[in-house]
Each structure stands twice: as C-alpha cells, then as structure tokens.
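Open the model in a viewer and keep the selection panel at hand. The stops below each give something to select and then say what is there.

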Amino acid sequence: MVAFLEWFGRLVVERIEEVGRNALFLAEAVRALVTPPLRWRQTFRQMEFVGVRSVSVVVLTGTFTGMVLALQAYYGFRKFGAEGLVGTTVGLSMARELGPVLTSLMVTARAGSAIAAELGTMRVTEQIDALEVMAVDPIRYLVVPRILAGLAMVPVLCVVSDFVGVLGGYFVGVKLLGINSGVYVANTVKYVELADVLNGLVKAACFGFILAVVGCYKGFYAPGGAQGVGKATTEAVVLASVLILISDYFLTAIMF
Amino acid sequence: MAEPIIVFDGVHKSFRGQKVLDGLDLEIPRGRTTVIIGRSGGGKSVTLKHMIGLMRPDRGRILVDGQDITRLEKGALNEVRRRFGMLFQEGALFDSLTVGENVAFPLVEHTQLDRAEIERRGSEMLVTVGLPGTEGKMPAELSGGMRKRVGLARALILEPEIVLFDEPTSGLDPIMADAIDRLILRTQQESGRTYVVISHDIRATFKIAHKIAMLYQGRIIAEGTPEEIRRNPNPILAQFLRGTAEGPIQVQ
C-alpha cells in the first residue's frame, strides 16, 4: 500500500513537473521570440530547411489529395446530378481544411522529427550545455529560429498545397470525369472566397508553431543516450500530430 | 596556497531523492591547477556543472570571486560565465559548424573583431593545440583526441580566467592522453590561469595538479598538494589511489 502511494505520488509529482517545465519553456521561447535580438542567419537556415526542402513532399501530397477529393465528391454529387459542384468542394476542402492539416502533418513528419532529433543529439552530446557555458542563450540560438521557421513557412507551404490540390482536382474532374471546364472553374471561383484561404493560413501558422515548439521541447529535454533521442523524436511527431488535429477542431469552431 | 577564486560552501544537490552532493565544501586556488578525483558517478561532473551555473544547488552557496552565483538571473550569470572556458567530455563541438567555426564561435559571439582577425586568432589557437590547418574539417571527421583538442582551443580562445575540464583524458589511448596532459600543463604554465580538472586518471592527476581533492559520497574527504595526498593515510583515498576493488569502498 505504501509502495503504491509512493509510486502514485511520484507519478503525479512528475506529471506536474513536466507541465510546469513545458509552460516555462513556452513562456521563455515566446519572450525570446518577441524581443530582439533575432538570429537572422539561423532563422533563414531553418526557413530553408523547414520550408524549401518540404516543397516536393507537399506538392505530391497536395496534388493527390485534390485528385482523390474530386473523385469522391463526384461519386457523391452524381447521385443528385450536382457534378458541377465538385470544383467548389475541392477548393473549399483544400483551402479550409486539408491544405493546412496535411501540409503541417507532412512537415511534422519531415521537419518536426528532424528538429527533435537534432536538438536531442545536441542535448546528449552536451552541445546545448556548451552554448550556455559560452554565454549564448540556447533558446535564442536554437529554438526561436525554428519556431519562426515553422510560423512563417507552413502557411507558405499551405498555399502551395492549396494550389496544386485545386489543379489536381481540376485534372481529375475535367479531364478524367468530363465535367464541363467552364462550370468547374466558375463554381470554384464563385464559392471559394479569400476568407476561406486566409482561414486556412491562420490554421497553418498555428500548426507550424505547434510542430516547431513540440519538436524543440522534446529535443531540448531529451534524456541521455541514443535511445533517448529516438524516444524524443517519436514523441515529438506523435504529440505534434495529435495537438494539430485537436487544435484544428477548436480553431475551426472559433473561426466558423 | 593562493587565495581561492571559487568557493563551495555547504552545497547540497539531490536527483530524484538520491543525494549527490552532501554539504560539499571546497576551495579552488587562483592561478593553479586543481584536480578533483573520485569514482565515476560520484558527483564530479555535477560539481563542475555547479561552478558554471549549469546546475543550481538545492542548498548552499557557490562563490566566484566572492559573488554568490547560485541566485543570479540569466544576464548576470552570463557575465560570470564569460570569465570561464570549459572543455566537455566528448568535446561538445557543434556538428553543423567546421572546426574553424567552432574555435572562432566565442569570438564571433562576444567580440567585435573583424573576420580576418577572428580567423587569424582561430588558426593560431589551433596551432597551440597541435592541429594546424584543420579549420575546414567537420567535427565528425575527427578522432576523439582531436575533438578534445579542438574543444580545448574553443575553451581557451577568449583567454578566460578559469578553465574547467570534464575528464579530459577519458576514452583516449595512453599516448593521446599524455599529449592532452602535456597540453594542459603547458597552457596553464604559460598563462597562469586557474584550471579545474575532474578525473579518475590517477597517473595524469599527479602530473598536472597543484592541488588534489578527493570527492567521495558528496563530500571532500581529502585534499592537499600531490605530496600531501600521497602521504594522507585515509583508507578510502589510499584504496582509490591504489585502484583495487578491495577496501572500504564497496563495489556495487
């Protein structure tokens, strides 16, 4: 009984400590984010890594998502003769939902994991300690550039994804399924508004923030050894993905 | 011995209920090499990390030139840290930077020197540690001993008053270990800086130390000049210096 209480008590204390550490990390990161100086060189390097090098994977997933959306929408709309609305459905779905969500999930898998692995390795090989010893704030040097990269580049990638998604949808809808091209385009332009796209971009920025913060946090506090880095990386991807999907609902509900 | 530059005053530190430092009292003399010896996992690294504020004690004070660093906030602590250099166990070089950029890193961060001057000083420091012309290499291409020497170059480049060494010779072959010892000895003699070394390498310890302190179960159980340490009758110290599994120190 005593042993159980001890175990349970320690578990609770550890969880509370974890939450506190998390909050402190976030507060420190945000404070460093909004106050100068900014590490421009590091930031651009991270933007290149998170953004530019994710383009191919985002183009690929975005295109096929748009294509499959067109197929599925066509299947449904044909039942009541509204094939003309396929373009609208693809456009709205991509802009409001699938563009931001799929883009950020792909970037999480690609860059979020890499961030956790890199910072985790730096932690266990004492490189983060070395920065501190040399009086360089590791939050400013390592964390802020990555968060900025996530914030800035995921929305950009989202635009790319929206664009190729709509193209993919057009290709399937018009070229393969034979929907009238004029109707398809007109319905897309008419019903997909700028607000829908912006709505998606706000989400993308939030998701970019989430995946970068989670990756940095997990890496920053990676426990010792190669195993610890692996664990941190896995946890970062899982946690960021879950948080993105949960926050997606609430963001959608707020901006409805 | 010279007046102390760093003083540990009753420092306690526990991790998950396990006591690592148990009221540690220790004085580091200015301008000398102090070697802290003790068993692996006996709190030597923890002691070193307290000196530079990477860890904060649960209780007790740590004075650097009379200033208690345990309660300093980030900015003030960074001021103190700029008086230090530290050589980490595996070198802790930044993987994404070249050797030259690693060595120059503190200069880039903390001085206004122009690029040419920074490069010149970096190359000079690499010559000092016996690695001329390696500026363009990446840390991954270096052997363990070379990485430590680059780490030492980086630690020394700002000419710090105090240099900390975390197991400078562990994991090296005897010849490389001796080369590192000589480097420590030579740079200390030339500069007259305060060196603090933690080690469990007995042979090296007697070669480089002005003062030796033995850390055991979170406290200093013996300290003095190498000569005094040799004559010290403490059975725990004697067993450690002999390096045998039999004696008062139990091997778990």
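The tour goes through chain A, crosses to chain B, and ends at the core. The coordinates are those of a predicted model.

**Stop 1: loops of chain A**

Select A:Pro36 and A:Pro37 and display the backbone. The peptide bond between A:Pro36 and A:Pro37 is cis, with omega near 0°. A:Pro37 sits in the loop that links α1 (2-34) to α2 (40-50) of chain A.

Next, select A:Ala135, in the loop between α5 (127-133) and α6 of chain A. A:Ala135 is not a glycine, yet its phi is positive, near 60°. Is A:Ala135 buried or exposed? A:Ala135 has 21 C-beta neighbours inside 10 Å, so it counts as buried; the cut-off for buried is 20 or more.

**Stop 2: helix α7 of chain A**

Select residues 181-191 of chain A, which make up helix α7. Which residues of this helix are buried? They are A:Tyr184, A:Asn187 and A:Thr188. These buried residues lie on the same side of α7(A), because they cover an arc of only 100° around the axis. Turn the view to the other side of α7(A), where A:Gly182, A:Val189 and A:Lys190 are exposed. To see what covers the buried residues, add α4 (86-124) and α6 (138-176) of chain A, which are among the covering elements.

**Stop 3: between the chains**

Colour the two chains separately and look at where they touch. Here 10 residues of chain A are in contact with 15 residues of chain B. On the chain A side, the residues that touch chain B divide into 5 nonpolar, 2 polar and 3 charged.

**Stop 4: the four-stranded sheet of chain B**

Hide chain A and show chain B as a cartoon. One open sheet has 4 strands in the order β2-β1-β4-β5 (chain B), and the pairing is antiparallel. Its edge strands are β2 (18-29) and β5 (67-68) of chain B, each of which pairs on one side only.

At the β5(B) edge, select strand β4 (residues 59-64) of chain B as well. β4(B) and β5(B) run antiparallel and are joined by 2 bridges. Opposite B:Asp68 in β5(B) stands B:Leu63.

Now go to B:Arg16, in the loop between β1 and β2 of chain B. B:Arg16 has a positive phi of about 45° and is not a glycine. With 6 other C-beta atoms within 10 Å, B:Arg16 is exposed.

Add helix α1 (residues 44-51) of chain B. This helix lies across β1 (4-15), β2 and β4 of chain B, and runs at about 60° to β2(B).

**Stop 5: the six-stranded sheet of chain B**

Keep α1(B) displayed and bring in the other sheet. What is the order of its strands? The open sheet has 6 strands in the order β6-β7-β8-β3-β9-β10 (chain B), with mixed pairing. At its edges are β6 (84-87) and β10 of chain B, each pairing on one side only. From one strand to the next the twist averages 20°.

Select strand β3 (residues 33-37) and strand β8 (residues 194-199) of chain B: these run parallel, joined by 5 bridges. B:Thr33 has B:Tyr195 in β8(B) as its bridge partner. α1(B) packs on this sheet too, touching β3, β7 (162-166), β8 and β9 of chain B, and its direction makes about 155° with that of β8(B). Helix α5 (residues 144-156) of chain B also packs on the sheet, where it touches β6 and β7 of chain B. The direction of α5(B) makes about 175° with that of β6(B).

Move to the β10(B) edge. Strand β9 (residues 211-216) and strand β10 (residues 219-224) of chain B are antiparallel and pair over 5 bridges. B:Met214 is bridged to B:Ala222 in β10(B). The two strands form a hairpin with 2 residues between them. In the turn, B:Gln217 has a positive phi of about 50°.

**Stop 6: the core**

Show both chains again. The largest nonpolar core has 134 residues, and A:Ile147 and B:Leu164 touch the most other members. α4(A) gives the largest share of this core, 16 residues.

Finally, centre on B:Leu164. Which residues is B:Leu164 in contact with, leaving aside its neighbours within four places in sequence? They are B:Leu48, B:Met51, B:Ile52, B:Phe84, B:Met86 and B:Val196.

Key
Residues numbered from 1 in each chain as written. Chains lettered and ligands numbered in written order. Predicted model: local features only at pLDDT ≥ 70, side-chain atom pairs only at ≥ 80, totals over all residues. Buried ≥ 20, exposed ≤ 12 C-beta atoms within 10 Å, placed from the backbone. Arc of directions from axis to C-beta. Contact = placed C-beta atoms within 7 Å. Pairing = 2+ DSSP bridges. Axes fitted to C-alpha atoms, helices over the stretch in contact; angles between N-to-C directions. Core = buried A, V, L, I, M, F, W, Y, C linked by C-beta atoms within 7 Å. Nonpolar A, V, L, I, M, F, W, Y, C, P; charged D, E, K, R; others polar.
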